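Welcome! Here is a short guided look at one protein model, meant for someone meeting it for the first time. Take a moment with the picture before reading on.

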Amino acid sequence: MECRLSMSWTDAPAAPYLRPMAQVQAQATATGQSGRQASTADLLWRSTIGKKLVMAVTGVMMLLYLVGHMLGNLKIFFGPEEFNGYAHWLRTLGEPLLHYEWFLWLVRLALLAAVVLHGIAAFQLSRRDLAARPKRYAHRGGSARRGGYATRTMRWGGVILALFLVWHLLDLTTHTVNPNGEAGKPYENVVATFGTWYGNLIYGVAMIAVGLHVRHGLRSAAHSLGAATAGRDRALRFLGDGLALVLTAGFLSVPLAVQIGAVS
Ligand code: HEM
């Protein structure tokens, strides 16, 4: 059964010119080009708050993956057998109910959907944000149009992380750019990556971007999901800073260990 919102365009409580431009644009397009009534999902996706919700939910999904991935990476300190055995276990999870690698593929598909939705929503929100800014700010060296420190960090950080992800998959999943590139030998492949200067540089920059993105993103997500209250502000700051620090330090410990010879 298709679920529809009952409020129509003409039921709107306030005159359109009294509402912010972005909201009006979102609602005006909600009935679609064909004039048919939009579904709840359509309405939500077209609204600013809906896009923020999508960003928050997909952001939390990716954050949970990152925590698991960082913890899994720490197994490298227990030697090649344990690390490579863990990578093999990830592929056999759910057997015999699931076929070899099926669980991994489910995770990959969910992550891919999260990354794509997160990216599209971020791009559209930032375009709306720029379009809604009054023109009179445009001549001030453009700084007002680009938003504050947190906004700029999130935008550039997001672009850096998207580019990093492509490199990372070519490096350690498809092995296209990995100097060792042996399937089933992630330990040796990781050591080979951090045996190059560019590997350390790319991963170093990306891990700092991860930390900054998580730090600001967590607070934004809490606001979008309605979990941020004045009383929780300090706790949220602490959680965001703490998670960012733990993730960055945990991920960076691997290249550092290779550099000092603790992992070789
Ligand atoms: C020093 C940091 C990192 C190291 C050493 C590392 C290591 C690895 C390794 C060894 C794999 C292949 C696993 C396998 O084939 O079983 C992998 C896959 C992956 N990593 Fe990382 N990773 C790091 C950081 C990150 C970060 C920051 C992200 C996300 C922004 C990330 C996202 C992924 C994804 C999406 C995959 C693909 C999983 C798959 O093939 O199914 N990694 N990583």
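How much of the chain over residues 153-170 is helix and how much is strand, and how far apart are the end C-alpha atoms? The chain there is 100% helix and 0% strand, with the end C-alpha atoms 25 Å apart. Please keep in mind that this is a predicted model.

**The overall picture**

The protein has nine helices and zero strands. Read from the N terminus on, its elements run α-α-α-α-α-α-α-α-α. Of its 264 residues, 17% count as buried. Among contacts between residues at least 6 apart in sequence, 61% join residues at least 24 apart.

**What the record marks**

The stretch we began with also appears in a database record. UniProt, in an unreviewed entry, places the feature "transmembrane region" at residues 53-72, 102-126, 153-170, 190-214 and 235-258. Here are two of those stretches as they look in the model.

| Stretch | Helix | Strand | Distance between end C-alpha atoms |
|---|---|---|---|
| residues 153-170 | 100% | 0% | 25 Å |
| residues 235-258 | 100% | 0% | 35 Å |

**A pair of helices side by side**

Let us turn to α8 and α9. Helix α8 covers residues 197-224 and helix α9 covers residues 233-260; their axes come within 8 Å and cross at roughly 165 degrees. An angle over 145 degrees counts as roughly antiparallel, and α8 and α9 are therefore roughly antiparallel to each other. Their crossing is right-handed. On the α8 side, the residues making the contact include Tyr203, Met207, Ile208, Val214 and Leu218. On the α9 side, Leu236, Leu243, Phe251 and Pro255 are among them. The residues of this contact divide into 16 nonpolar, five polar and three charged.

**A glycine in α6**

Next, find Gly158, which is found in helix α6. Is Gly158 buried or partly exposed? Gly158 counts as partly exposed, because it has 18 C-beta neighbours inside 10 Å, while 20 or more are needed for a residue to be buried. Leaving aside residues up to four places away in sequence, Gly158 touches Ala122 and His213. Gly158 and Ala122 are 36 residues apart in sequence, yet their C-alpha atoms are 8.8 Å apart in space.

**Some backbone details in the loops**

Most residues other than glycine have a negative phi, and most peptide bonds are trans. With that in mind, a few places in the loops are worth a look.

What kind of peptide bond joins Glu95 and Pro96? It is a cis peptide bond, with omega about 5 degrees. Pro96 sits in the loop between α4 (80-92) and α5 (102-132).

The loop between α4 and α5 also holds Glu101. Glu101 is not a glycine, but its phi is positive, at about 75 degrees. Glu101 is partly exposed, with 15 other C-beta atoms within 10 Å.

Another positive phi belongs to His175, also a residue other than glycine, with a value near 65 degrees. You will find His175 in the loop between α6 (149-173) and α7 (186-193). His175 is partly exposed, with 18 other C-beta atoms within 10 Å.

Notes
Residues numbered from 1 in each chain as written. Predicted model: local features only at pLDDT ≥ 70, side-chain atom pairs only at ≥ 80, totals over all residues. Axes fitted to C-alpha atoms, helices over the stretch in contact; angles between N-to-C directions. Helix = DSSP H or I, 4+ residues; strand = E, 2+ residues; numbered from the N terminus. Parallel < 35°, antiparallel > 145°, perpendicular 65-115°, else oblique. Left-handed = near helix turned anticlockwise from the far one by under 90°. Contact = placed C-beta atoms within 7 Å. Nonpolar A, V, L, I, M, F, W, Y, C, P; charged D, E, K, R; others polar. UniProt positions renumbered as here; feature names shortened; annotations may be inferred. Buried ≥ 20, exposed ≤ 12 C-beta atoms within 10 Å, placed from the backbone.
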